Amino acid sequence: MARFIRTAQRAFVSAASKTLTNGSQSRIASASSLLQFNPYATSQTHKSPFTANIIRILSNEIEYQHDYAPPISFNSFTVRDRPGEKWMTMRGKYGEYEEIKIEVTMFDGCVFVPKPGEDSTGENVVLHISLLVDISKGQGYPDMEFLCSAWPDHLEIQKVYLLNRDKTIINPYMGRDLRRKKNRKLQRTLGDYLEERGVNDELCVFLHEYMMNKDRIEFIQWLGNVKSIVEK
């Protein structure tokens with residue numbers, strides 16, 4: 001996964017040259033456990049008014065954030081969240097033998113675009129997600145690995161690798177950058193290939209919503225840890 005994140009970040013930075021940001025059921029159950037207390041209760045040991053106020057504020061914030069939780073499936077794909085980590089995995093099948101695995105980062109970059117309208121001023125921030133789509137056809141065939149950008153409303157294929165079963169590149173040729181103008185027809189053709197397997201613009205919309213919610217769940221976990229320390 002570390003190779004995926006490094007590869008995705010290099011590709012995104014070199015292509016866009018834009019500003020980068022600094023930046024499951026088990027998780028929902030874990031977050032729910034944080035709410036099983038009286039927000040205004042204190043432990044048996046005496047707490048100063050200042051400490052009690054911090055605990056109350058943290059408890060209220062946990063309760064507020066808890067309403068948002070990532071879903072555990074999308075169409076034919078199952079979602080495996082990675083608690084405490086900045087990525088997640090999706091798995092699915094196509095046909096009888098084809099296995100699909102998608103590894104997705106949290107928001108790892110952004111671009112700034114002008115606000116729509118002739119009279120509008122300023123810019124909108126468009127967030128970026130990197131993903132690897134591995135398609136395996138079984139023994140005797142190399143895997144195809146698509147390095148993609150998931151924008152809020154569309155999928156963009158950057159490169160396609162051929163990998164053997166242990167994920168080693170078959171040969172040094174890494175393929176073309178499919179975002180270049182002269183490669184757009186090939187990019188559209190490969191996009192249709194992924195579309196047929198459910199990897200499409202609709203998935204991008206889901207991923208952006210999911211990662212927004214995942215960020216909230218990670219924040220809930222962090223708040224709970226801070227609250228536990230303050231209560232000691």
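**Exercise 1. Determine the order of helices and strands along the protein chain.**

Solution. The structure examined here is a predicted model. Read from the start of the sequence, the protein chain follows the pattern α-α-α-β-β-β-β-β-β-β-β-α-α. The elements in this pattern comprise five helices and eight strands. As for burial, 40% of the 232 residues in the protein chain are buried.

**Exercise 2. Identify the residues that touch the most other members of the largest nonpolar core, and state which elements supply this core.**

Solution. Step one concerns the members. The largest nonpolar core has 31 residues, of which Met-90, Ile-102, Leu-131, Val-133, Phe-146, Leu-194 and Leu-207 touch the most other members.

Step two concerns the origin of the members. At least two residues of this core come from each of β2, β3, β4, β6, β7, β8, α4 and α5. Helix α5 gives the largest share, six residues.

Step three takes one member in detail. Beyond its neighbours within four places in sequence, Ile-102 is in contact with nine residues' worth of surroundings that include Phe-77, Met-90, Leu-131, Val-133 and Leu-203.

Step four turns to the second core. This separate core has five residues, among them Leu-58, Ile-62, Ile-217 and Ile-220. A general tendency may be recalled here: in soluble globular proteins, nonpolar side chains tend to be buried together.

**Exercise 3. Classify the ring pair of Phe-74 and Phe-206, and trace the cluster to which these residues belong.**

Solution. The count of aromatic pairs comes to three. In the pair of Phe-74 and Phe-206, the centres are 4.7 Å apart and the planes form an angle of 25°. Planes under 30 degrees apart count as stacked, so the pair of Phe-74 and Phe-206 is stacked. Phe-74 lies in strand β1 and Phe-206 in helix α5, so the pair ties together parts that are 132 residues apart in sequence.

Next, Phe-206 also pairs with Tyr-210, at 5.8 Å centre to centre and with 45° between the planes, which is a tilted arrangement. Both Phe-206 and Tyr-210 lie in helix α5, four residues apart, about one turn of the helix. Ring pairs thus join Phe-74, Phe-206 and Tyr-210 into a cluster. Phe-74 and Phe-206 are buried, and Tyr-210 is buried as well.

**Exercise 4. Decide whether Asp-81 and Lys-214, which form a salt bridge, are buried or exposed.**

Solution. Six salt bridges are counted. In the one between Asp-81 and Lys-214, the closest N and O atoms are 3.0 Å apart. Asp-81 lies in strand β2 and Lys-214 in helix α5, so the pair ties together parts that are 133 residues apart in sequence. Buried means under 20% relative accessible area. Asp-81, at 7% relative accessibility, is therefore buried, and Lys-214, at 0%, is buried too.

**Exercise 5. Describe the salt-bridge network that contains Arg-197, and name the rings over which Arg-197 lies.**

Solution. The network links Glu-98, Lys-137 and Arg-197. Within it, the side chains of Glu-98 and Lys-137 meet at 2.6 Å, N to O. Glu-98 is in strand β4 and Lys-137 in the loop between β6 and β7, 39 residues apart. Glu-98 counts as buried at 6% relative accessibility, whereas Lys-137 counts as partly exposed at 36%. Arg-197 lies over the face of Tyr-94, at 4.2 Å from the ring centre, and over the face of Tyr-193, at 3.7 Å.

How values were computed:
Residues are numbered from 1 along each chain as its sequence is written. This is a predicted model: local features need pLDDT of at least 70, side-chain atom pairs count only at pLDDT 80 or more; totals for chains, interfaces and linings use all residues. Side-chain values use heavy atoms; hydrogens and water are left out. Rings of Phe, Tyr and Trp (its six-membered ring) pair if their centres lie within 6.5 Å; planes under 30 degrees apart count as stacked, over 60 as edge-to-face and the rest as tilted. Buried means under 20% relative accessible area, exposed over 50%, partly exposed in between (1.4 Å probe, protein chains only). A charge sits over a ring if NZ of Lys or CZ of Arg is within 6 Å of the ring centre and within 35 degrees of the ring normal. A nonpolar core is a set of buried Ala, Val, Leu, Ile, Met, Phe, Trp, Tyr and Cys residues joined through side-chain atoms within 4.5 Å. Contact means heavy atoms within 4.5 Å. A salt bridge is a side-chain nitrogen of Lys or Arg within 4 Å of a carboxyl oxygen of Asp or Glu.
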